[in-house]
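Let's take a friendly walk through a protein together. Have a look at the sequence and the 3D view, and keep them beside you as you read.

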Amino acid sequence: MNAQSTIILRSGREMPVMGLGTWQLTKDTARTICKALQMGYRMIDTSGDYGTQTGIGQGFRDSGLDREDLYLVTKVEETEDAYESTLEDLRELGMDYADLMLIHRPPEDEVGLDLWEGLIRAKKEGFARDIGVSNYSADQIQALIDATGEVPVVNQIEWSPFGHDMATLGYCQENGIIIQAYSPLTRQERLDDDTLQRIASAYGKTPAQLLIQWNIQLGNVPIVKANSEEHLREDLDVFDFSISDHDMDEINSLNEQYSALGSLPYVQH
């Protein structure tokens, strides 16, 4: 397995097993994306409100790689017309389609049925090959499914050993929905944890590499974020080891509903 390895989505299409996030990557975006793709990354995650889409499109083109070999994830905001926003995102990117289009977050006090129907239309017309959601609870996802019959292929949520919800993972697995894990490295906030340090050292890996592999072994797709070439390379170097069942259980036990953003909106209480 490597960064070009893929998993099969419920739609039958393939998605790389890890991706690179671009939130706040507004400096030298095109150069960084081009370098990352040439290093081996194949999936790039963005959103219209990140301010990175123009640079990402340029980075894709500068890489010299075939568009069909690359995977682009972007998002529509909860206040937008999802169909029109999809078209606007593609204009910014200079692309004909997104591989995956997500609702960035549910609107306040509702599930965003109009947004979901807009993405369904975008998919039917070929502007998005697959569609999904982000920051959604299991109940919110089920409401979309019940209303439309369309099951998201992905729920992109914050997910780390310190903040996750196995009930959500179980629901997603039962319904063939892949969890894309954003902020899987806790935005560097918890990498000095003693347990992580000890387990990572036993494998000759860094805590960041341990967290990436932990997600992969759960069946999740981590979306890492790195700006420097050193960290880009470090995050790719995770495919030459596996974590034992005992160590997986110990890492799981670190859960305290921690969020680098303040809360985990998908966790149902």
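## The whole protein

A residue is called buried when its relative accessible area is under 20%. In this predicted model, 58% of the 269 residues of the protein count as buried.

What does the secondary structure come to? It comes to ten helices and ten strands. Along its principal axes, the C-alpha trace spans about 50 × 45 × 30 Å. A compact globule with 269 residues would have a radius of gyration near 18 Å, and the protein agrees with this because its own value is 18 Å. Sequence distance is worth a thought too: among contacts between residues at least 6 apart in sequence, 72% join residues at least 24 apart.

## Asp45, a charged residue inside

Find Asp45 in strand 4, which covers residues 43–45. Is Asp45 buried or exposed? Its relative accessibility is 3%, and the cut-off for buried is under 20%, so Asp45 counts as buried.

Which side chains does the side chain of Asp45 meet in polar contacts? One is the side chain of Lys75, at 2.9 Å. Another is the side chain of Gln156, also at 2.9 Å. Once neighbours within four places in sequence are left aside, Asp45 is in contact with Lys75 and Gln156 along with Leu20, Gly21, Thr22, Tyr50, Val73 and Ile223.

## Leu102 and its neighbours

Now move to strand 6, residues 98–103, where Leu102 lies. Leu102 counts as buried because its relative accessibility is 0%.

Not counting residues up to four places away in sequence, Leu102 touches a list of residues that includes Val73, Lys75 and Gln156, and these three names also appear among the contacts of Asp45. Others touched by Leu102 are Thr74, Val76, Leu119, Gly132, Val133, Ser134, Val154 and Gln180. For a sense of scale, try locating Pro16: Leu102 and Pro16 are 86 residues apart in sequence, and their C-alpha atoms are 16 Å apart in space.

## Helix 9 and what it packs against

Helix 9 runs over residues 229–236, and its buried residues are Leu232, Glu234, Asp235 and Leu236. An α-helix has 3.6 residues a turn, so residues three or four places apart point the same way.

What do the buried residues of helix 9 pack against? Their partners are strand 3 (19–21), helix 1 (29–39), helix 8 (207–218) and strand 10.

## Two pockets

The largest pocket holds about 640 Å³ of space. Its lining is made of 27 residues, and those nearest its centre are Trp23, Tyr182, Ser183, Arg187 and Leu261. Strand 8 (154–158) and strand 10 (221–224) are the elements that give two or more residues to this lining. Sorted by class, the lining of the largest pocket has eleven nonpolar, ten polar and six charged residues.

The second largest pocket has a volume of about 200 Å³. Around it are 14 lining residues, with Glu14, Glu68, Asp69, Leu70 and Tyr71 nearest its centre. Strand 2 (14–16) and strand 7 (128–134) each supply at least two lining residues, and strand 2 gives the most, with three. By class, the lining of the second largest pocket has eight charged, four nonpolar and two polar residues.

Definitions and conventions
Residues are numbered from 1 along each chain as its sequence is written. This is a predicted model: local features need pLDDT of at least 70, side-chain atom pairs count only at pLDDT 80 or more; totals for chains, interfaces and linings use all residues. Side-chain values use heavy atoms; hydrogens and water are left out. Helices (H or I, at least four residues) and strands (E, at least two) are DSSP runs, numbered from the N terminus. Buried means under 20% relative accessible area, exposed over 50%, partly exposed in between (1.4 Å probe, protein chains only). A polar contact is a pair of N or O atoms within 3.5 Å; within protein, one must be able to donate a hydrogen and the other to accept it, and residues adjacent in sequence count only if both atoms are side-chain atoms. Contact means heavy atoms within 4.5 Å. On a 1 Å grid over the protein atoms alone, a cavity is a set of points where a 1.4 Å probe fits but cannot get out, and a pocket is an open set with protein on both sides within 12 Å along at least five of seven lines; lining residues have an atom within 4 Å of a point. Grid points are joined across faces, edges and corners, and a volume is the space filled by probe spheres set on the points. Ala, Val, Leu, Ile, Met, Phe, Trp, Tyr, Cys and Pro count as nonpolar, Asp, Glu, Lys and Arg as charged, and the others, Gly among them, as polar. The radius of gyration is taken over C-alpha atoms; the globule rule is 2.2 Å times the number of residues to the power 0.38.
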